[in-house]
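This report describes a single protein chain from its overall make-up down to individual loop residues. The sequence and the model are shown first.

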Amino acid sequence: MTAINVAHVSHGEITFDKLFFKTFTFNSDSISDEGLGQNDDGEAVYSFSVRSKILSILFRKTEDDVESYKLAFNATDRCSVNERYRLQIEIKTKSLIRKQHNPFYQPCKVDKLSISKKYKEALMDLPQDNEEMDDSMKDDDNEINYMMINNSILKSFLENVSSTTEDFKLEVNRKNFSITAFTKGIFVKEKEILKQPMAVNIVFSTDELLDIRLFSQSDKKIVYRLKDFKTFLNLGANNDFIEILFKKPGDPVLFELSKNGCLIQFVQVTDG
């Protein structure tokens with residue numbers, strides 16, 4: 001599943017392993033060419049788009065009463081008019097209620113985002129020992145930086161800053177790691193109670209990180225919008241690990257989280 005925000009500066013993608021599902025069936029033999037393609041391994045892939053507002057309403061956080069979700073579609077040339085271009089969604093609850101929805105979808109061709117592949121290939125070429133790197137390499141186009149951090153650190157920090165916080169800055173060197181949240185103003189019921197910008201900062205040792213690999217000895221920093229990043233963090237539990245790969249200010253930053261047979265990737269353009 002892939003989602004892109006309106007401004008095209010944030011990209012979210014979730015890849016589900018086949019074992020994630022109780023039942024999974026996909027047969028491309030009789031699927032129409034519209035929307036049909038191949039992935040990097042040469043396997044058949046069918047792609048379509050659905051309005052995000054529809055799915056957000058159907059799959060928004062529900063009570064523990066939900067027993068199962070079922071998604072199906074019929075994209076064969078022989079499908080009936082009533083089934084064509086309709087996603088079949090069925091929600092079963094433990095209280096024996098069955099909800100069925102059939103939103104329209106549009107077949108499409110999807111270009112796989114290559115940032116994850118490029119960043120990970122560059123990371124493989126990065127020496128394991130940061131002591132081998134020097135500042136003369138910091139302008140190299142192959143620069144890549146990597147960190148692994150516990151999700152609880154990021155979530156607990158955001159819980160202690162204003163909900164109107166707009167920008168987020170990460171700074172790191174071999175010894176210290178810092179997080180800064182920027183707020184332009186604070187409003188309560190349309191009344192501005194803080195007109196001056198405010199910044200909240202926390203600094204801790206890189207020993208708190210689960211892993212760190214820097215391209216050079218110089219300080220690294222990136223600034224990006226916080227709104228969509230919050231959504232990504234909420235997909236993970238406090239004990240989950242977040243992997244962060246980034247290059248230079250202005251280049252996209254990649255956040256990655258693996259859990260329960262899912263690979264969750266979030267790419268965001270940095271402001272500086």
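The text below covers the chain as a whole, one helix pair, the aromatic rings and a few loop residues.

## The chain as a whole

The model is predicted, not experimental. Its chain contains 4 helices and 20 strands. The chain has 272 residues, of which 36% count as buried. Taking contacts between residues at least 6 apart in sequence, 61% join residues at least 24 apart.

## Packing of H3 and H4

Two packed helices are described by the angle between their axes and by the distance between the axes. Helix H3 spans residues 151-158 and helix H4 spans residues 227-234; they pack at an angle of about 130 degrees, and their axes are 11 Å apart. H3 is therefore oblique to H4, since an angle of that kind falls outside the range of 65 to 115 degrees for roughly perpendicular and is not over 145, the limit for roughly antiparallel. The crossing of H3 and H4 is left-handed.

On the H3 side, the residues that meet H4 are Asn151, Leu154, Lys155 and Leu158; on the H4 side they are Phe229, Lys230, Leu233 and Asn234. Sorted by class, this contact of H3 with H4 has 4 nonpolar, 2 polar and 2 charged residues.

## Aromatic rings

A pair of aromatic rings is described by the distance of the centres and the angle of the planes. The structure holds 22 aromatic pairs. One of them joins Phe20 and Phe21: the ring centres are 5.3 Å apart and the planes stand at 85 degrees, so the pair is edge-to-face. Phe20 counts as partly exposed because its relative accessibility is 39%. Phe21 is also partly exposed, with a relative accessible area of 31%.

Another pair is formed by Tyr46 and Tyr105, with ring centres 6.4 Å apart and planes at 90 degrees, so this pair is edge-to-face as well. It links distant parts of the chain: Tyr46 belongs to strand E4 (residues 44-46), whereas Tyr105 sits in the loop between strand E8 (98-101) and strand E9 (106-107), and the two are 59 residues apart. Tyr46 and Tyr105 are both buried.

One aromatic cluster is made up of Phe157, Phe168, Tyr224, Phe229, Phe232, Phe255 and Phe266. Phe229 of this cluster is also among the H4 residues that meet H3.

## Loop residues

Val50 lies in the loop between strand E5 (48-49) and helix H1 (52-58). Leaving out residues up to four places away in sequence, Val50 touches Leu55, Leu87, Phe104 and Tyr105. Tyr105 thus appears both in this list of contacts and in the ring pair with Tyr46.

Two residues that are not glycine have a positive phi, namely Tyr85 and Leu96. For Tyr85, phi is near 60 degrees. Tyr85 is in the loop between strand E6 (66-72) and strand E7 (88-93), and it counts as partly exposed because its relative accessibility is 30%. For Leu96, phi is about 70 degrees. The loop between E7 and E8 holds Leu96, which counts as exposed at 79% relative accessibility.

Lys94 is found in the loop between E7 and E8. With a relative accessibility of 53%, Lys94 counts as exposed. Lys175 lies in the loop between strand E11 (167-172) and strand E12 (176-183). Its relative accessible area is 63%, so Lys175 is exposed. Apart from neighbours within four places in sequence, Lys175 is in contact with Phe204, Ser205 and Thr206.

Val50, Lys94 and Lys175 each have a C-alpha distance to a residue elsewhere along the chain, as tabulated here.

| Residue pair | Separation in sequence | C-alpha to C-alpha distance |
|---|---|---|
| Val50 and Ala3 | 47 residues | 9.9 Å |
| Lys94 and Ser68 | 26 residues | 8.9 Å |
| Lys175 and Thr206 | 31 residues | 5.5 Å |

Thr206, the partner of Lys175 in the table, is also one of the residues in contact with Lys175.

Terms used:
Residues numbered from 1 in each chain as written. Predicted model: local features only at pLDDT ≥ 70, side-chain atom pairs only at ≥ 80, totals over all residues. Heavy atoms only, no water. Axes fitted to C-alpha atoms, helices over the stretch in contact; angles between N-to-C directions. Parallel < 35°, antiparallel > 145°, perpendicular 65-115°, else oblique. Left-handed = near helix turned anticlockwise from the far one by under 90°. Contact = heavy atoms within 4.5 Å. Nonpolar A, V, L, I, M, F, W, Y, C, P; charged D, E, K, R; others polar. Phe/Tyr/Trp six-rings, centres within 6.5 Å; stacked < 30°, edge-to-face > 60°. Buried < 20%, exposed > 50% of the residue type's maximum accessible area, 1.4 Å probe, protein only.
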